[in-house]
Amino acid sequence: MEQLVLTGNEAVARAARDSGVRVAASYPGSPTVQILEALAEYEGLHTEWSPSEKVAMEVAIGASMAGAAALCSMKHVGINIASDPLMTFTFSKINGPLVIAVGDDPGQISSQNEQDSRMWAEYGFIPMLQPGSPQEVYDQTRLAFDISERFHAPVFVRLVDRTCHMSGSVQTAPAVERKPLGFTPDPDRYYMVPPFSRRARAAVEGRIPAVQQWIEEGHGFQEELRDPALGIVTFGLQYHIVRELLPNLSTFKLDIIWPLPIKQLKEFRQKVNRMIVIEELFPFVENHLKLARIDCEGKAFFPTYGEVDAGLIAERFAELGCREPIKPPLAASPAEAPRGAMFCPGCPHRPVMVLLRDLGIFCHGDIGCYLMGSYPPFEVLKTSVSMAASIGIAQGMAKALEGTEHQIDNIVSVIGDSTLMHSGLPGVINYGYNLHHTKLLVLDNRSTSMTGLQDNPITGKTVRGEQGHAVDIETVLRALGLDNVVKVNQYNMGEAKKVFVKKFQEEPGPLAVIATGPCALKYKKKLNYYYVDPDICTGCRTCIRVNCPPISMRQYAHKPAGELNSHIDRHRCVGCSVCFQVCPVHAIKRSNLNEQPNVPAPVDWNL
Ligand code: SF4
Ligand code: SF4
C-alpha cells in the first residue's frame, strides 16, 4: 500500500495495474489519453496505442476471452467506433475481467459532441461506475474489475474531463494477481451467430437484475442523512461539490450509476421531504427514478447540456433558499485580449492552410490539429464531423451536386496521418469502387499531435518506444486504388503551390497529395529564426494572416505614431520561413541563432 499523488487518469492506470491487468489498449483521445501512457510506465503488462478504438476494444476482448484481465480506454466518441465489437461481446458471459474507462466531456472542452456514455451502459447490459476524485477513481476502478469478474460482464468506469485531469492523494490497496485462465472454446459464449447468439441474448437478460440485487445488498452507494428537508441524489464530481457547498443537506451518493439501487433510493425518498437529482447531461438517473415511481426533480433546475459546476449548483440552491448566492467572479481584466486556438509556431499545417485559402480550394476537414484551419484567418475547412468522415462526406456531396447549379468542382478532403489510419482507409477504397472523383490531401506530420504527440502506425513507434512496422501512406493509397498520388514538402510554398494548382484545380480526381512536414512541437528543431526590418515593412499585414503566435504589429520609435509594422518574437519563432515566404517586399529576413540583427526594436518590446 502506498500514498501517492495521482491525476484521475493516473489513478485508473495504477488501479488497473494493481488489479492484475495483463493487456491494455487505447486510441488517444482527450480526456483519457494519459491512462495508457501511465500504464506503459509499468512493467509486466502489454500496452498499445491501437490504430482505432475498435481495434483497441478487439484487443481487449481477445485478452478477456483468454481469461486475462484487460483494460480499454477511450474518449466518449470512441465508444461509437468500438461499439460494434462491444455490443456483441457484451452478450456473452465473458471470461477474464474487462473494464472500459470512458471519458465523457460535458461542456465539450475538447470534443465534437457531448454524448452521454450512460446510454451505452443501459443499452449494452454493462454495469457502470462514476468516481469524483482520484481516490474514488482508484477505488472504483478496482471495484469495476471485481464486478466484471463476479458477473462475467464488461464494466464501464465513466470519467469526465475534470475527473481525468484533477490530481489528489490516493491510498492504494494491495495488488492482486490475475493469471490468465486460458481459452476454452464455447460457442454459446464466443461464437455469436444464431443459434448461439440467440441463447446469449436470452441469457444476458439476467445480468443487470443480478448486479442490481448485489448492489441492493449494500454495495456501491452511500446514504448520508442530515437535514430531512431536502435530499440530493448525485455522484461523481457533483457529490463533492454538494458536500462542500451544501454540507447540511442529506445526500445519496451513487458509486455504481448503472444499475441503480432502486430499493434504497425509495427508502431514502421516504426520509426526505423533497428529492433533487444532480447529474450532468441526460436525466438518466432522474428518468429511472420516475420510472420506479420515485417522486424527484432534477432537470427542472439543471440543463441537459454543459457542465454542472459549483457556480451553477450554488446559484440553483440559492434560488431554493438553501444557501447564500456565490459572489460573482471578478470581471475579466481589460488587458486580457481574447484569442482563439491557433497553430503552433512552425506548424506544418500553417503553410497548407495559407495555400488552400489563397487558392480558394473547397475543403472538408477532419479531426486533428488541422481543424484550426476552419477558424479565421483561414476558414478553409467547411465541415468537420467525426474521425475520417471528410472522405465520404466529400464523395457524397460531390455526387449530390453533380450537374446542378450548385456543383462544387475539386472538393478536397483534408485528413491527418493518424486519422487516415484510424478509419479513413475504407473511404479511400470507395474512390475507386464507386467511381468518385473528389480529392484527398493527407497531412503527414508523423504524429497524433492534438492529443499530446503520440506515435501512430505511420511512425511505427509503440507507446513504449519500440520500433514496429511503419506504414507508408503512398504505398497504401496506391494499393487501395488511388494511382495518382504525389508527395510535397509544404514548407517549400512555391513548389507546394504549383502542386496544389495542378492537382486540386487542373487535374481530374480521384487523386491524393501527401503533404509531408514534421510536427513542430514533437520534432523540435530550431536552426535559425526570422526577424522583420521595419524600414522595409510596409505594414500590409500579409504575414499576420499566416496567424503565427510570434508575429504581431507594433509601434516603432522612429515611425509616425499609429503606423504599425510587423515584428517577430525571436524567442518563439522556430524558423519555419512561412512568413518570410509570404512577405511581398522581403521585409522578413533570416538570422542565425547566435546573431543579433541590427534593426530597431518596437517601443513596447521589453524582452
Ligand atoms: S508581410 Fe512583410 S510588409 Fe507586410 S506586414 Fe508583414 S513584414 Fe510587413
Ligand atoms: S518563421 Fe515566421 S511563420 Fe515560421 S515560426 Fe517564425 S514567425 Fe512563425
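**Entry 1: Thr 163**

I looked up the contacts of Thr 163 in this predicted model. Setting aside residues up to four places away in sequence, Thr 163 touches Gly 8, Pro 131, Gly 132, Val 137, Gly 236 and Leu 237. I place Thr 163 in helix 7, which runs over residues 161-165. Is Thr 163 buried or exposed? I count Thr 163 as buried, because 26 C-beta neighbours lie inside 10 Å and the cut-off for buried is 20 or more. I also took the C-alpha separation between Thr 163 and Cys 537, which is 49 Å for 374 residues along the chain.

**Entry 2: helix 1**

Gly 8 and Val 137 from the list above led me to helix 1 (residues 8-18) and helix 6 (residues 134-151). How many residues of helix 1 are buried? I find 11 of its 11 residues buried. The buried set includes charged side chains by name: Glu 10, Arg 14, Arg 17 and Asp 18 are among them. Also in the set are Gly 8, Asn 9, Ala 11, Val 12, Ala 13, Ala 15 and Ala 16. Just after helix 1, I note a positive phi of about 80° at Gly 20.

**Entry 3: helix 1 against helix 6**

I next took the packing geometry of this pair. The axes of helix 1 and helix 6 are 8 Å apart, and the packing angle is about 30°. Angles under 35 degrees count as roughly parallel, so helix 1 is roughly parallel to helix 6. The crossing of the two is right-handed. On the helix 1 side, the contact is made by Gly 8, Ala 11, Val 12, Arg 14, Ala 15, Ala 16 and Asp 18. Helix 6 supplies Pro 134, Val 137, Tyr 138, Thr 141 and Arg 142. I sorted the contact of helix 1 with helix 6 by class and got 7 nonpolar, 2 polar and 3 charged residues.

**Entry 4: helix 3 against helix 4**

I then turned to helix 3 (residues 53-65) and helix 4 (residues 76-89), whose axes come within 7 Å and cross at roughly 30°. This crossing of helix 3 and helix 4 is right-handed. From helix 3, I list Glu 53, Lys 54, Ala 56, Met 57, Glu 58 and Ile 61. They meet Gly 78, Ile 81, Ala 82, Asp 84, Pro 85, Leu 86 and Phe 89 of helix 4. The contact of helix 3 with helix 4 divides into 8 nonpolar, 1 polar and 4 charged residues.

**Entry 5: Phe 284**

I found Phe 284 in helix 13, residues 284-291. Why does Phe 284 count as buried? It has 21 C-beta neighbours inside 10 Å, and the cut-off is 20 or more. Apart from neighbours within four places in sequence, I see Phe 284 in contact with Asp 116, Arg 118 and Glu 279. From Phe 284 to Ile 100, I get 20 Å between C-alpha atoms, with these positions 184 residues apart in sequence numbering.

**Entry 6: helix 15**

I looked at the covering of helix 15 (residues 349-359) and found 8 of its 11 residues buried. They are His 349, Arg 350, Pro 351, Val 352, Met 353, Val 354, Leu 355 and Leu 356. What do the buried residues of helix 15 pack against? I list strand 14 (363-364), strand 16 (439-444), helix 19 (493-506), strand 18 (511-516) and helix 20 (578-582). Gly 360, just after helix 15, takes a positive phi of about 70°.

For the pair with helix 19, the axes come within 10 Å and cross at roughly 50°. Helix 15 and helix 19 are therefore oblique to each other. I note their crossing as right-handed. Pro 351, Leu 355 and Leu 359 of helix 15 make the contact with Met 493, Ala 496, Lys 497, Phe 500, Val 501 and Gln 505 of helix 19. By class, I have 7 nonpolar, 1 polar and 1 charged residues in the contact of helix 15 with helix 19.

**Entry 7: the two ligands**

Which residues are closest to ligand 1? I read off Cys 537, Cys 540, Cys 543, Ser 566 and Cys 583, from 14 residues that surround ligand 1. The shell around ligand 1 has 8 nonpolar, 5 polar and 1 charged residues.

Around ligand 2, I find 16 residues, the closest being Pro 345, Cys 548, Cys 573, Cys 576 and Cys 579. Helix 20 gives the largest share of this shell, 3 residues. I divided the shell around ligand 2 into 13 nonpolar, 3 polar and no charged residues.

Methods. Residues are numbered from 1 along each chain as its sequence is written. Chains are lettered from A and ligands numbered from 1 in the order in which they are written. A residue is near a molecule or strand if its C-beta atom, placed from the backbone, lies within 6 Å of it. Axes are lines fitted to C-alpha atoms, for helices over the stretch in contact, and angles run from 0 to 180 degrees between N-to-C directions. Helices (H or I, at least four residues) and strands (E, at least two) are DSSP runs, numbered from the N terminus. Angles under 35 degrees count as roughly parallel, over 145 as roughly antiparallel, 65 to 115 as roughly perpendicular and the rest as oblique. A crossing is left-handed if the near helix is turned anticlockwise from the far one by less than a right angle, and right-handed if clockwise. Two residues are in contact if their C-beta atoms, placed from the backbone, lie within 7 Å. A residue is buried if 20 or more other C-beta atoms lie within 10 Å of its own, exposed if 12 or fewer, and partly exposed in between; C-beta atoms are placed from the backbone.
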